[in-house]
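User: Hi! I'm new to this one and would like a friendly tour. Could you put it up on screen?

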Amino acid sequence: AIAFMSQAAEADTAAGVHPVVDRLVALAWLHMLCGNSLVAMDILKCISDAAVANKDQECVMMNMVAMALKRMGRTRQAAEGYFRALHMAYAQGHLQSQAVVLANFGALCLQAGARSLAQHYLREAVGLFSQVPSGVCGRDFTQVLLWLGQLCTRRALPQQAKCYYEWAFLVAVETDHLESKY
């Protein structure tokens, strides 16, 4: 997939700058999925240095850089990156981007053991995801609800956990996201 996306990014230069940026961002994402966070960050830095990304792409890239930092164990820098991405998403008024960044910030807090802070950010993400059509954000929304369910289970709040798990199931059914239903 990485080789094909690299070829697509190289071959598509006639299509304009923004489609190429989208492909390069996708290439960076593929590298992150393969555990190559440094390579992903290098790709994103090259795009950023070229100053060719639009505001939406910049927000996605900031979020991805923070994710890469989280995967590399650089928690403080990841938190700062999520904060910058969240500020940009708020400035744009893009609810889905805000929700995704808040969810990632919550996941970072979970990883750091800050459960109350994680719960706060995850609940904020749920509030925003609830305002976006579930067909657009179903998988992300489901994941956040599952994280909240797990968090409530760990905190011995079975009724709240049950509500989050059931809500996650309903979103998964509505969006036909089979992996989350089971």
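**A first look around**

Analyst: Happy to start with Asp 49, which is exposed, as its relative accessible area is 54%. Here buried means under 20% relative accessible area, exposed over 50%, and partly exposed in between, using a 1.4 Å probe and protein chains only.

User: Before we go on, what sort of model is this?

Analyst: This is a predicted model, where local features need pLDDT of at least 70 and side-chain atom pairs count only at pLDDT 80 or more, while totals for chains, interfaces and linings use all residues. Residues are numbered from 1 along each chain as its sequence is written, and side-chain values use heavy atoms, with hydrogens and water left out.

User: Okay, back to Asp 49. Which residue does it form a salt bridge with?

Analyst: Its partner is Lys 45, with the closest N and O atoms 2.9 Å apart. A salt bridge is a side-chain nitrogen of Lys or Arg within 4 Å of a carboxyl oxygen of Asp or Glu.

User: Where do those two sit in the helix?

Analyst: Asp 49 and Lys 45 are about one helical turn apart because four residues separate them in helix α3 (residues 37-50). Helices are DSSP runs of H or I with at least four residues, numbered from the N terminus. An α-helix has 3.6 residues a turn, so residues three or four places apart point the same way.

User: How many salt bridges are there in the whole structure?

Analyst: The search finds two. Besides the one between Asp 49 and Lys 45, there is a salt bridge joining the side chains of Glu 80 and Arg 76, at 3.2 Å from N to O. Glu 80 and Arg 76 lie four residues apart in helix α5 (residues 75-92), so about one helical turn separates them.

User: And how exposed are Glu 80 and Arg 76?

Analyst: Glu 80 is partly exposed at 32% relative accessibility, whereas Arg 76 is exposed at 64%.

User: New topic: Ser 37. Buried or exposed?

Analyst: Ser 37 is buried, with a relative accessible area of 6%. This residue belongs to helix α3.

User: What is Ser 37 in contact with?

Analyst: Setting aside neighbours within four places in sequence, Ser 37 is in contact with His 31, Met 32, Ala 68, Arg 71 and Met 72. Contact means heavy atoms within 4.5 Å.

User: Tell me about Arg 71. Which helix is that in?

Analyst: Arg 71 is in helix α4 (residues 55-71) and is partly exposed, at 46% relative accessibility. With neighbours within four places left aside, Arg 71 is in contact with Trp 29, Met 32, Leu 33 and Ser 37. Arg 71 and Asn 36 are 35 residues apart in sequence, with 9.6 Å between their C-alpha atoms.

User: Where is Gly 35 found?

Analyst: Gly 35 is in the loop between α2 (17-33) and α3. Gly 35 is exposed at 57% relative accessibility.

User: Last stop, helix α7. Which of its residues are buried?

Analyst: Ala 118, Gln 119, Tyr 121, Leu 122, Ala 125, Val 126, Leu 128 and Phe 129 are buried there. The buried residues of α7 pack against α6 (95-112), α8 (134-154) and α9 (158-174).

User: Is Leu 170 in α9 buried or exposed?

Analyst: Leu 170 is exposed, at 55% relative accessibility.
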